[in-house]
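Colleague: Could you take a close look at the aromatic side chains and their surroundings, and then place them beside the strand pairing? I should like one connected account.

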Amino acid sequence: HTRCLSDWSSDVCSSDLDYGIIRAEKEMLPIIPHPFKLVVRQVKTEEGYKADPSALKQLDVIRKLLNQAGSVIICTDAAREGELIARYILEYLGYTKETKRLWISSLTEKSIREGFNNLKSSREFDNLYRAAKARREADWVVGMNASLSLSMAAGKSNYSLGRVQTPALAMICRRYLDNRDFVAKPYYLLQLRTTKAGEELVMTCAEKYDTPQSLDMTRKKVYEEKTAKVVQVEKKQVSEEAPLLYDLTALQRSANTKLGLTAEQTLDIAQKLYEFGYISYPRTGCGYITEDIFEQVPSLIALLKQHPRFARHAENLCSRILNRHCVNDSKMTDHHGLIITENFPQNLSLDEQNIYSMIAGRMLEAFSGKCLKKTLSVQADCNGVSFGIKGCQINVPGWRGIYNEPGEKEEESLLPEFKEGETLPVLGIDTLARKTKPQPIFTEASLLAAMEGCGRELDDEKEREAMKDSGLGTPATRAGIIELLIARHYVERSGRSLIPTPKGLEVYDIVKEKMIANVSMTGRWECALHEIETGKVPTETFTGSINSYASQITSELLAMKLDHPDLPRCNCPKCGEGTVTIYNKVAKCDDPDCGFLLFRTFNGRELTDNQMLLLLQGKRTGYLKFTSKKGKKYEASLELDDNYKIDITFKDNKPKK
């Protein structure tokens, strides 16, 4: 079962502890395991890190099944990561017999039966496995060594770098700094007011003027004019194709823009709807479906006749020939575009209803006809100065009729009929003062779009082609990357905007010129991995280049001289050996065996450096003012108890005699 195997894939992994490294030193870097080890997923306990009991239980089930099986068929996703999942599990459990491979991209009964009737030898996919394994190990080598090197250079243990997270951080920081440092420049526009068929119209000069002086020169030419002559009338019939089905990234972008949901919230909701059996597999990067899936579409659309929002549209669509532009077997990847299933939902939460309706609405749009428009562009000359106006009329709404939202109505601006050579009266000439604007700070929606399309900006054609269908990260991992940057305190949410923290800007400033912060690294990797998949290049060639890069980035980061701010420090009250440093959010012992941690925020109040030092030195603070969750105010003093937790003593507020 694909989902179960996807979960099990995280049950076998490795960390630096698995190679006997308890505390890394500069001399050990770069750490390049040979060979890499697979161990059961670890969880933190009071006795240290232990194998996760649930992972052990799952792996034991598979081991018993393998021992009982006469043959094994690999049925994980038909892609690089799906191949790696199965091979890792079989390798860890020591299964070495011949296996078959089910290779399908659709999960209908027809497709599954055809797949089982045409099973392939797993050996046909050895190169795919080698590419997946090389990518996973390369991520480990680069991420581990870069993170350790930067932490050592900075004298802090909480820095993290990675092939995907660091370019994503760089994108956020660059956009924020460009926006913050942007200097707005004024510019001016000239407008002509006229009338046609009893309606007042405003025509705009195409040229933008940088100074009031240049504007005045043109304005004087037309100021005394009484008429303008129509010199060009251009009419066009425009056909606008319906959108493709949602993939996960497109759904997350729309939900962030329309509903204010984070990418992770959207993924979680879609996952629930999938588990309830209401929608297809959500972690897809494809907007297409296959021919056999298309056979089910009419019955799925008919199901929406009972949807309160889309009943009329579903009824209309059932009597028409469906648009097939998103039906293409050749463009299918691991999973098809998001569609509803034959199970109509009941008793959903508001957010679940909204996400389901977005998927259902997009599905109706995708299979509706094209939107047909008539556009009109008019140019008029007033004493040698050209003014223009544009209009649009929707003749056949097509897919746009599904929502017909206010924003789309505004796109329709009707104009009266014009003829070339006719004269228009000039009612007045107006000037408008404007200012240039910076690109807006990233929201999750715009960042997801940038991550998805960042490969298009690469100069190298091979790298650009390799990233054409992938971008930075995958649809399933992009939400996690955003949450990881927030968890690392590199980025924080401010409304719907993503703002880098001082820590994030500090990391960006260190690595902004390095390859690890550049999306072209992913492009180069994808090129090399594709050549491994096709058998053109041996894995060792790619691995050798990654190991060389790990040595290079390690040396560069360790050689850097970083400014260390004078943070408050004192001896650790718990172990007595280490030094506790007070950071922005937490006070932490530098001895990893100790693990002492004290958060700066307590009961909603942020403690000062002096108050933190009093606690760490075993002293009691003065009485501090707090507000309970119910809004009640109180005063209390704080000190550390014998377990190094904060103990609170309330102030007696009774009046003294």
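Modeller: Trp140 is buried, because its relative accessible area of 14% falls under the 20% limit. The model is a predicted one. A search of the whole structure finds 12 aromatic pairs. In one of them, Trp140 meets Phe36 edge-to-face, with 5.5 Å from centre to centre and 90° between the planes. This pair links distant parts of the chain, 104 residues apart: Phe36 belongs to the loop between strand E1 (12-13) and strand E2 (39-40), while Trp140 belongs to helix H5 (residues 126-154). Phe36 has 21% relative accessibility and therefore counts as partly exposed.

Another edge-to-face pair is formed by Tyr274 and Tyr281, at 5.4 Å centre to centre and 80° between the planes. Here Tyr274 is partly exposed at 22% relative accessibility, and Tyr281 is buried at 15%. Elsewhere, Phe602, Phe626, Tyr634 and Phe650 make up one aromatic cluster.

Aromatic rings also meet charged groups. The charged end of Arg101 sits over the ring of Phe125, 5.9 Å from the ring centre. The charged end of Lys258 is placed over the ring of Tyr403, at 5.4 Å from its centre.

A further charged residue, Arg163, lies in the loop between H5 and helix H6 (165-180). Arg163 is buried, because its relative accessible area is 11%, under the 20% limit. Its side chain is joined to that of Asp139 by a polar contact of 2.7 Å. Leaving aside neighbours within four places in sequence, the residues in contact with Arg163 include Arg135, Leu472, Ile516 and Trp525.

I turn now to the strands. Seven strands form an open sheet in the order E13-E10-E11-E12-E9-E8-E14, with antiparallel pairing. Its edge strands are strand E13 (423-425) and strand E14 (428-435), each of which pairs on one side only. From one strand to the next the twist averages 40°. Helix H7 (residues 212-223) packs on this sheet and touches strand E8 (186-196), E11, E12 and E14; the direction of H7 makes about 20° with that of E8.

Following the order from the E13 edge, E13 and E10 run antiparallel and are joined by three bridges. Within that pairing, Ala228 has Leu424 of E13 as its bridge partner. Strand E10 (residues 227-240) then pairs with strand E11 (residues 371-382) in the antiparallel sense over 11 bridges, and Glu234 stands opposite Ser377 in E11. E11 in turn pairs with strand E12 (residues 385-396), again antiparallel and over 11 bridges; Ala380 has Phe387 of E12 as its bridge partner. E11 and E12 form a hairpin with two residues between them, and Asn383 in the turn has a positive phi of about 55°.

A further hairpin is formed by E15 and E16, with two residues between the strands; Gly495 in its turn has a positive phi of about 65°. Strand E15 (residues 491-494) and strand E16 (residues 497-500) pair in the antiparallel sense over four bridges, with Glu492 opposite Ile499 in E16.

Definitions and conventions: Residues numbered from 1 in each chain as written. Predicted model: local features only at pLDDT ≥ 70, side-chain atom pairs only at ≥ 80, totals over all residues. Heavy atoms only, no water. Pairing = 2+ DSSP bridges. Phe/Tyr/Trp six-rings, centres within 6.5 Å; stacked < 30°, edge-to-face > 60°. Buried < 20%, exposed > 50% of the residue type's maximum accessible area, 1.4 Å probe, protein only. Lys NZ or Arg CZ within 6 Å of the ring centre and 35° of its normal. Polar contact = N/O pair within 3.5 Å; in protein donor to acceptor, adjacent residues only side chain to side chain. Contact = heavy atoms within 4.5 Å. Axes fitted to C-alpha atoms, helices over the stretch in contact; angles between N-to-C directions.
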